[in-house]
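Work through the exercises below with the structure open beside you, and try each task before you read its solution.

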Amino acid sequence: MTAQQNRPIVSSRHLAEGEGRASSEYEFGLIVAYNAFTRWIQRCMAAAGFPELSATEILVLHNTNHRDRKKRLTDIAFLLNIEDTHTITYALRKLVKLELLTTEKRGKEVFYATSEAGQKACAAYRDIRNQCLVDGLNHTGLSDDDLAEMAKVLRLLSGHYDQASRSASSL
């Protein structure tokens with residue numbers, strides 16, 4: 001293997017020097033994957049009839065639809081690991097305005113649920129996802145077990161990044 005072929009693929013060379021090489025390669029992979037993922041979910045939702053939704057709004061819609069349970073803003077923010085609740089609040093308001101979510105007030109708490117229109121939007125998204133993404137994944141040679149293992153590693157590493165962010169906040 002030549003030196004050119006062994007060169008790391010990173011977004012910032014200065015972050016790949018010394019011990020940081022592998023993590024910099026991983027982070028560049030995350031950057032590329034994140035941008036591809038957000039572009040994908042927005043185009044999939046546009047094909048399902050909702051081109052005006054941002055990636056965060058789509059994630060909030062699907063999370064609210066998850067298990068057909070009503071959720072509070074804090075539940076959604078926690079499950080999506082989004083610290084900025086203002087972002088979630090904006091998404092929820094927009095989804096309610098589009099009549100994709102409904103609200104129910106219990107005391108001081110507001111609970112959100114997908115409306116019939118929201119459930120139909122999620123179902124249309126699922127059908128397009130199966131057609132355009134899942135069918136293609138079946139031809140990659142990755143098994144369901146491979147994808148599940150990758151998901152576990154991503155969750156493990158996200159915990160490490162969360163801990164590192166707490167450490168950095170204390171400096």
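**Exercise 1: a cysteine and its surroundings**

Cys 44 is buried, with a relative accessible area of 1%. Keep in mind throughout that this is a predicted model.

Task: Find out how many disulfides the structure holds, and explain why Cys 122 is too far from the closest cysteine sulfur for a bond.

Solution: Begin with the general idea that a disulfide is a covalent bond between the sulfur atoms of two cysteines. The cut-off needed here is that the two sulfur atoms lie within 2.5 Å. For Cys 44, the nearest cysteine sulfur belongs to Cys 132 and is 6.7 Å away, and Cys 44 is in no disulfide. Turning to Cys 122, its closest cysteine sulfur is that of Cys 44, and because the distance is 11 Å, the two are too far apart for a bond. The count for the structure is zero disulfides.

Task: Decide whether Cys 122 is buried or exposed.

Solution: A residue is called buried when its relative accessible area is under 20%. Cys 122 has a relative accessible area of 6%, so Cys 122 is buried.

**Exercise 2: the chain as a whole**

Task: Describe which pattern the helices and strands follow along the sequence, and state what share of the residues is buried.

Solution: First count the elements, which gives six helices and three strands. Next, read them in sequence order, where the pattern is α-α-β-α-α-β-β-α-α. Finally, turn to burial: of the 171 residues in the chain, 22% are buried.

Methods: Residues numbered from 1 in each chain as written. Predicted model: local features only at pLDDT ≥ 70, side-chain atom pairs only at ≥ 80, totals over all residues. Heavy atoms only, no water. Buried < 20%, exposed > 50% of the residue type's maximum accessible area, 1.4 Å probe, protein only. Helix = DSSP H or I, 4+ residues; strand = E, 2+ residues; numbered from the N terminus.
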